[in-house]
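Biologist: Hey, I've got this one open on my screen. Can you walk me through it?

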Amino acid sequence: MDSSRTAQRAVIQFLCGEAEPASQIYRRMKEVYGEQCLARCTVFRWCQRYEAGRANIKDLPGQAHVVTNSATISAVEELIWQNRRITTREIAVELLISKGTVHHIIHKKLGYGNVCAQWVP
């Protein structure tokens with residue numbers, strides 16, 4: 001059985017077309033897909049999209065998630081080493097990436113924290 005996201009979205013679309021409630025759709029999908037089932041909130045979100053008239057089951061084109069690559073991580077670390085008091089906003093403006101991505105790189109990828117307004121490992 002195909003448990004891919006696209007296949008599960010097709011099931012959601014079909015059941016929404018039959019006016020099945022989102023909670024019932026999730027319950028039925030959980031029985032069939034088990035651990036591979038989409039999250040409850042995801043099922044509800046796709047139900048809302050299909051009820052609003054969406055017909056496509058594929059993701060819409062958007063920004064690729066390649067911002068957090070080794071080059072960006074190195075660039076963030078270099079900016080921090082140049083100025084230990086640099087802010088996430090300044091880094092984001094400098095590298096043309098979001099503040100959330102900068103925050104993720106600093107805290108999760110580099111393991112830095114902010115002590116007395118300075119970034120420290």
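**A walk through the chain**

Modeller: Sure, let's start with Arg84, which sits in the loop between helix 4 (70-82) and helix 5. Keep in mind that this is a predicted model.

Biologist: OK, which residues is Arg84 in contact with, leaving aside its neighbours within four places in sequence?

Modeller: Arg84 is in contact with Ala117, Gln118, Trp119, Val120 and Pro121.

Biologist: And is Arg84 buried, partly exposed or exposed?

Modeller: Arg84 counts as partly exposed because its relative accessible area is 23%, and the cut-off for buried is under 20%.

Biologist: What about Tyr33, how far is its C-alpha atom from the one in Arg84?

Modeller: Those two C-alpha atoms are separated by 49 Å, and the residues are 51 apart along the chain.

Biologist: Let's zoom out. How many helices and strands does the protein chain have?

Modeller: There are six helices and two strands in the protein chain. Going along the sequence, the pattern reads α-α-α-α-α-α-β-β.

Biologist: So the helices come before the strands in that pattern. What's the radius of gyration of the protein chain, and what would a compact globule have?

Modeller: The protein chain has 21 Å, while a compact globule of 121 residues would be near 14 Å. Taken along the principal axes, the C-alpha atoms fill a box of roughly 60 × 25 × 25 Å.

Biologist: What share of the residues is buried?

Modeller: Buried residues are 31% of the 121 in the protein chain. As for the surface, the chain exposes about 8,100 Å², with 52% of that supplied by carbon and sulfur atoms.

Biologist: What about charges, how far apart are the mean positions of the positive and negative ones?

Modeller: They're 4 Å apart, counting 16 positive and 11 negative charges in the protein chain.

Biologist: And contacts, what share comes from residues 24 or more positions apart?

Modeller: Such pairs make up 50% of the protein chain's contacts with a separation of 6 or more.

Biologist: New topic. What does UniProt list for residues 6-53?

Modeller: An unreviewed UniProt entry lists that stretch as "domain: Mos1 transposase HTH". In this model, residues 6-53 are 75% helix and 0% strand, and the C-alpha atoms at the two ends are 17 Å apart.

Biologist: Where is Glu51, then?

Modeller: Glu51 is in helix 3, which covers residues 40-51. Glu51 counts as exposed because its relative accessible area is 56%, and exposed needs over 50%. Its C-alpha atom is 49 Å from that of Val115, which is 64 residues away along the chain.

Biologist: Now the backbone. Which residues other than glycine have a positive phi?

Modeller: Ala19 is one of them, with a phi of about 60 degrees. Another is Leu96, whose phi is near 60 degrees.

Biologist: Where do they sit?

Modeller: Both are in loops. Ala19 lies between helix 1 (5-17) and helix 2 (22-33), and Leu96 between helix 5 (88-95) and helix 6 (99-109).

Biologist: Are those two buried or exposed?

Modeller: Ala19 is exposed, at a relative accessible area of 66%. Leu96 counts as exposed too, with 76% relative accessibility.

Biologist: You mentioned helix 6. Which residues does Lys99 touch, not counting those up to four places away in sequence?

Modeller: Lys99, which is in helix 6, touches Thr88, Arg89 and Ala92. The C-alpha atoms of Lys99 and Thr87 are separated by 9.6 Å, with the residues twelve apart along the chain. Lys99 is partly exposed, at 49% relative accessibility.

Biologist: And Lys109, what is it in contact with, again leaving aside neighbours within four places in sequence?

Modeller: Lys109 also lies in helix 6, and its contacts are Thr68, Ile73 and His104. Thr68 is 41 residues from Lys109 along the chain, yet their C-alpha atoms are separated by 9.0 Å.

Biologist: Why does Lys109 count as partly exposed?

Modeller: Because its relative accessibility is 46%, which falls between the cut-offs of 20% for buried and 50% for exposed.

Terms used. Residues numbered from 1 in each chain as written. Predicted model: local features only at pLDDT ≥ 70, side-chain atom pairs only at ≥ 80, totals over all residues. Heavy atoms only, no water. Helix = DSSP H or I, 4+ residues; strand = E, 2+ residues; numbered from the N terminus. Rg over C-alpha atoms; globule rule 2.2 N^0.38 Å. Buried < 20%, exposed > 50% of the residue type's maximum accessible area, 1.4 Å probe, protein only. Contact = heavy atoms within 4.5 Å. Areas by Shrake-Rupley, 256 points an atom, 1.4 Å probe, with all protein chains shown as cover. Lys, Arg positive; Asp, Glu negative; His and termini not counted. Charge placed at Lys NZ, Arg CZ, Asp CG, Glu CD. UniProt positions renumbered as here; feature names shortened; annotations may be inferred.
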